[in-house]
Amino acid sequence: MNSTSLQGELMLGQHTATSLAQRFGTPLYVYDKELIESRYRQLDAAFTGLKHRICYAVKANSNLAVLQLLAHLGAGFDIVSGGELERVLAAGGDPAQVVFSGVGKSAAEIERALQLGIHCFNAESSAELQMIIEIATAMGKPAPISLRVNPDVDAGTHPYISTGLRDNKFGIPIEEALALYRQAAQEPYLRIVGIDCHIGSQLVTVQPFVDALERVLRLVDQLADIDIHLGHVDVGGGLGVSYRGESVPSAQDYVEALRPLLAGRSLQVICEPGRWLVADAGTLLTRVVRLKDNGDRHFAVVDAAMNDLLRPSLYQSWMEIRACTDAGVAEQIYDIVGPVCETGDYLGKERRLRLREGTLLAVMQAGAYGYTMSSNYNTRPRAAELMVDGAHCHLVRQRETLSDLMRGESLLPLSTDKEQACN
Ligand code: LLP
């Protein structure tokens, strides 16, 4: 984990944040390899005694080095696009350990995944099943499927990241799933392998996971009664992290809450954690560009913006912001804002900090849904990404350049001769 040196400087691995920012520039995402490894191992150990597989949710942080690290530790992957599948392959992941979620898989994505032999499609509608059947039939290759059921459980999280309620677009209403399984069982080009649910993200209590799993297992039993036997139950992702000192379940708490429900069943448990594995391992370094006062409101304009880290703007997420060094000036209450031309462009509001122009700031726990949600809005090249490993550090993504941003665009063949242009 990051720590503070004797001089009060923020340390990332064995490096000061200041030295990394000087060497690689800002904004800069820094990930701690040891922390990702230790998180994976903790979760894996918590599952001891249960047949299980951790399928990391690639969307949380899809840098190839992160995927490579997790593949090396034995993780499978939860993907939501053909692009994520290609990333998993490029990082050395095993397609046979991939589960494919998402409400809008395209024909090309289904074909590619089937050809590569993924573990299963988490199908989210009967229309999707129909498409899978057509493709599998044309390829002469039965498709492994699991239905993503919507257990209608309130995850108690932000409405944008709550997915297990009936009025969300995700999954198949649990009451309709039995009939759909029955139909699927008649299809020669479908192979039923499991059942899946994901009720939301950043859950800070275990009870919704338990409620969802109880409902899903009731269905598993009803399926067994009609001779449909499943190989796995996928409990989704969603385990939260503590962004603001709130108490959150540990990996052990999470697994121990599920264990009594699973004990005595021969089902493999799959889980799809994203945030919990990588959030705490990431820090976004950004420098104060300008201090500005509007009346009695103080603003620190920094060189990272909503295009680099969208979570505060999109979900009003609170993320800790620290000054990496002591600026030696009086504390003041600042809104930490980016240079993007949107009022909603901020990283944090009303933070008590000591700042000067040039002060280096660290946005903590930015390893999940940070870089992966970044964009080029305002023609801002995206940040570089760095992996620290004790005394070593590896640049795992170069900073984008302006020519990267304009690649693929072209000018119109406009003529300066007006007459010609009209003809
Ligand atoms: N499985 C499925 C099917 C998912 O949709 C998600 C996340 C996960 C697993 C992983 O959930 P996690 O363990 O990371 O909570 N951008 C938002 C989070 C969106 C989550 C989307 N789905 C944020 O920054 O808070």
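This passage describes the ligand site of a predicted model, followed by several of its strands and one helix.

In the predicted model, the ligand is surrounded by 19 residues, of which S201, E272, R311, Y315 and Y369 come nearest. The shell is mixed in character, since its residues divide into six nonpolar, seven polar and six charged. Both domain 1, comprising residues 3-30 and 281-406, and domain 2, comprising residues 47-278, contribute residues to this shell, and the ligand therefore lies between the two domains. Polar side chains approach the ligand at several points. An N or O atom in the side chain of Y369 is found 2.6 Å from an oxygen atom of the ligand, a polar side-chain atom of D78 lies 3.1 Å from a ligand nitrogen atom, and a polar side-chain atom of K59 is placed 3.4 Å from a ligand oxygen atom. Of the 580 Å² of accessible area that the ligand has on its own, 92% is covered by the protein.

Strand β20, which spans residues 384-389, is mostly covered, with six of its six residues buried. In a regular strand, side chains alternate between the two faces of the sheet. For β20 this gives one side carrying A384, L386 and V388 and another carrying E385, M387 and D389, and the residues on both sides are all buried. The charged residues E385 and D389 are thus among the buried positions of the strand.

The pairing of β20 involves two strands, β4 and β21. Strand β4, residues 28-32, runs parallel to β20 and is joined to it by five bridges, with D32 standing opposite V388. Strand β21, residues 392-397, pairs with β20 in the antiparallel sense, likewise over five bridges, and here the bridge partner of V388 is C393. V388 accordingly has a counterpart in β4, namely D32, and another in β21, namely C393. The connection between β20 and β21 is a hairpin with two residues between the strands, and G390 in the turn has a positive phi of about 60 degrees.

A further sheet is formed by three strands in the order β1-β2-β3; this sheet is open, and its pairing is antiparallel. Its edge strands are β1, residues 3-4, and β3, residues 15-16, each of which pairs on one side only. Strand β2, residues 10-12, is joined to β3 by two bridges in the antiparallel sense, and within this pairing M11 has T16 of β3 as its bridge partner.

Helix α3, residues 64-73, is mostly covered, seven of its 10 residues being buried. These buried residues are A65, V66, L67, L69, L70, A71 and L73. An α-helix has 3.6 residues a turn, so residues three or four places apart point the same way. At the start of α3, a side-chain oxygen of N63 comes to within 2.8 Å of the backbone nitrogen of A65, whereas just after the helix G74 adopts a positive phi of about 110 degrees.

Elsewhere in the model, V233 lies in strand β12, residues 232-234. With a relative accessible area of 1%, V233 falls under the 20% limit and is therefore counted as buried. V233 and L217 are 16 residues apart in sequence, and the distance between their C-alpha atoms is 8.3 Å.

Key: Residues are numbered from 1 along each chain as its sequence is written. This is a predicted model: local features need pLDDT of at least 70, side-chain atom pairs count only at pLDDT 80 or more; totals for chains, interfaces and linings use all residues. Side-chain values use heavy atoms; hydrogens and water are left out. A residue is near a molecule or strand if one of its heavy atoms lies within 4 Å of it. A polar contact is a pair of N or O atoms within 3.5 Å; within protein, one must be able to donate a hydrogen and the other to accept it, and residues adjacent in sequence count only if both atoms are side-chain atoms. Accessible areas come from the Shrake-Rupley method with a 1.4 Å probe; for residues, only the protein chains shown count as cover. Domain bounds come from an automatic or database domain assignment. Buried means under 20% relative accessible area, exposed over 50%, partly exposed in between (1.4 Å probe, protein chains only). Helices (H or I, at least four residues) and strands (E, at least two) are DSSP runs, numbered from the N terminus. Two strands pair if DSSP finds at least two bridges between them.
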